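Me: I have a structure open and would like to go through it piece by piece. Can you answer some short questions?

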Amino acid sequence: MIQFTGVHKQYPGGVDALKNISMHIEQGAMAFITGRSGAGKSTLLRLIALIERATRGQIIVNGQNLDRVRRSRIPHFRRNIGFMFQDHRLLNDRTVFDNVALPLVIAGIRHQEIKKRVQAALDKVSLLPRQNARPMTLSAGEQQRVGIARAVVHRPALLLADEPTGNLDPILSWEIMCLFEQFNRVGVTVLIASHDLEMIRKMKKRIITLREGRILTHAGGAGED
Amino acid sequence: MIARSARPALRQRAPTFGQRFVTWCLQHAQALIYSLGQLWHNPLASLLTAAVIGIALALPAGFYVILENARHLTAGWGGSVQIAAFLRMDVGEPAAQRLAHQIAQRAEVLEVKLIPPEEALREYRRHSGFAEALDVLEENPLPALLLIRPRLDGESTRPADALLEMLKSLPEVDAAQYDQQWLQRLTAIIGIVQRAVMILALFLAAAVLLIVGNTIRMLIYHRRPEIEIAKLFGATDSFIRRPFLYSGVWYGLCGGVIAWLLVTASLMALARPAGELARLYASNFTLTGLSADISLLVIAGGVLLGLIGSWAALQRHLKAIEPM
């Protein structure tokens, strides 16, 4: 699903965010990227989502060489990816329903279909009763769950999460992780950047540790492949 | 296309043209309603922007109407451009009549009217208020007068100029002049003002573009988080642009309608005094308002300027926003 070969990313000013990264994440796998702040976790996700392009090396996502994705095709490429963030990034001037519906609206899905899918996604994260609430009125855990619903509502093949539990206590974090695992079980490839080592270990999944832009360890968890 | 995933992912197969068209229409309808909703959410700010556009459009439209009315008014007089040829005192009535007949034969002359000295004196006595003074005079001091209406085709007075020169050269004619030279001067002035209004309209159109552009720029920055998220979830540039373009169209449309209302209201306010003035001049002149095609032009102009202004703002500011 994701294949990095000798990937290098240098930011203007000569900062090397990633150095010679090679890795392979299989389709249907669930993996964690960990490391300290500034180790390159976010950069790695940004390269996969084509928010930025690698300076050197080759990245293949879902069978597609990212070098060959033209700028005008980036939107279509991204429609097969779901995103989640630490700061949930929900739009506060819209209801929970409208927030979750956004990827479907962008894809031009019909209204009846949107309603069905949004409600199904909200049901999976147990927030269907709050569909007409504003994100601001929800708790942090609930907001994160809305973020998950939005990330999976368009049934992406790949789910990218950047510190999804960064603001949550251990119990809520665990709930969120279990949700990710559920989606992974039905076939979504999940890649999570997180520095919460204790929890990551409990998940028993593959862990890729970055330090200063390089892969430090590559510990395969049980359960995938 | 992205390679197939384990799960049936969305839109993996290329949609048919029909499906794409329906989607396209749907997204336009969404953008249209959404942009209208945005305006509605902030009624005062929206109204102020539309009002500024309206005033900017109303100024040239109003001037245009005033000019049109002036043109109508002078066109009514223009048909009566006359040359007054004063005959020498020693030309007798039979000779004057012969001359009038000769001149009337010419192709460039529409009508010749002879006013003998007696009639001229009667007229003068009636209008001047010098009746008693005239009684003192022993003989009529006024010459015979030929009033000649040249045949004019179009706006040009050139054939009449040639006729005037010819008349001046006649031995029987003492002096010849346009009866209403001031009218020609007025027409020339109107021409200049017309040009000035056009230039003003251009400046104001540029102002409308700037107003709309700036408003849309603010909207873009206000909605930056939303744009970032939309881009992240695969929104195309045209998807993101659409609601802003519609906002520009709404501003332009509202501005155009406000301009129309302003001009129409101003004309209604002017209609009575203008009618009063026309009555004093015993004229049947009435103030004409905005014609249907000019009304349409004002509103369509507003819409077009709104669209261009927002498009320009989007070109400049949308590229800078990339998901973080």
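Me: What share of the residues of chain B count as buried?
Reply: Of its 324 residues, 24% count as buried. Keep in mind that this is a predicted model.

Me: How many helices and strands does chain B have?
Reply: Its secondary structure comes to ten helices and four strands. Read from the N terminus, the order of elements is α-α-β-α-β-α-α-β-α-β-α-α-α-α.

Me: And which domains is chain B divided into?
Reply: Domain 1 takes in 27-76 + 186-317, and domain 2 covers 81-179. The centres of domain 1 and domain 2 of chain B, taken over C-alpha atoms, are separated by 52 Å.

Me: What about contacts along chain B, what part comes from residues 24 or more positions apart?
Reply: Such residues account for 86% of the contacts in chain B with a separation of 6 or more.

Me: Let's take strand S3 of chain B. Which of its side chains are buried?
Reply: The side chains alternate along S3(B), residues 145-150. B:Leu146, B:Ile148 and B:Pro150 point to one face and are buried. B:Leu145, B:Leu147 and B:Arg149 point to the other face and are not buried.

Me: How many bridges does S3(B) form with strand S1 of chain B?
Reply: Four bridges, in the antiparallel sense, pair S3(B) with S1(B), residues 83-87. In this pairing B:Phe86 stands opposite B:Leu145.

Me: Same thing for strand S2 of chain B: how many bridges to S3(B)?
Reply: Six bridges join S2(B), residues 109-115, to S3(B), and the two run antiparallel. B:Leu114 has B:Leu146 of S3(B) as its bridge partner.

Me: Switching to the interface. How many residues of chain A are in contact with chain B?
Reply: 28 residues of chain A are in contact with 24 residues of chain B. On the chain A side, helix H2 (74-78) and helix H3 (96-107) each supply at least two residues. The largest share there, five residues, comes from H3(A).

Me: What classes of residue make up that side of chain A?
Reply: It has 14 nonpolar, ten polar and four charged residues.

Me: Now the sheet in chain A. What is the strand order?
Reply: The order is S6-S7-S8-S3-S9-S10 in an open sheet of six strands, with mixed pairing. Strands S6 (81-85) and S10 (214-219) of chain A are at the edges; each has a single partner strand, so one side of each is left without a neighbour in the sheet. Direction ignored, neighbouring strands are turned by 15° against each other on average.

Me: Do S3 and S9 of chain A run parallel or antiparallel?
Reply: Parallel, with four bridges joining S3(A), residues 30-34, to S9(A), residues 206-211. A:Ala31 stands opposite A:Arg206 in S9(A).

Me: Which strands does helix H5 of chain A touch?
Reply: H5(A), residues 140-152, packs on the sheet and touches S6(A) and S7(A). The direction of H5(A) makes about 165° with that of S6(A).

Me: And which strands does helix H6 of chain A lie across?
Reply: H6(A), residues 170-185, lies across S3, S7 and S8 of chain A, and runs at about 155° to S8(A).

Me: Last one, A:Lys202. Why does A:Lys202 count as exposed?
Reply: Because 12 other C-beta atoms lie within 10 Å of A:Lys202, and a residue is exposed with 12 or fewer. A:Lys202 lies in helix H7 of chain A, residues 197-203. Its C-alpha atom is separated by 9.5 Å from that of A:Trp174, 28 residues apart along the chain.

Key. Residues numbered from 1 in each chain as written. Chains lettered and ligands numbered in written order. Predicted model: local features only at pLDDT ≥ 70, side-chain atom pairs only at ≥ 80, totals over all residues. Domains from an automatic or database assignment. Contact = placed C-beta atoms within 7 Å. Nonpolar A, V, L, I, M, F, W, Y, C, P; charged D, E, K, R; others polar. Pairing = 2+ DSSP bridges. Axes fitted to C-alpha atoms, helices over the stretch in contact; angles between N-to-C directions. Buried ≥ 20, exposed ≤ 12 C-beta atoms within 10 Å, placed from the backbone.
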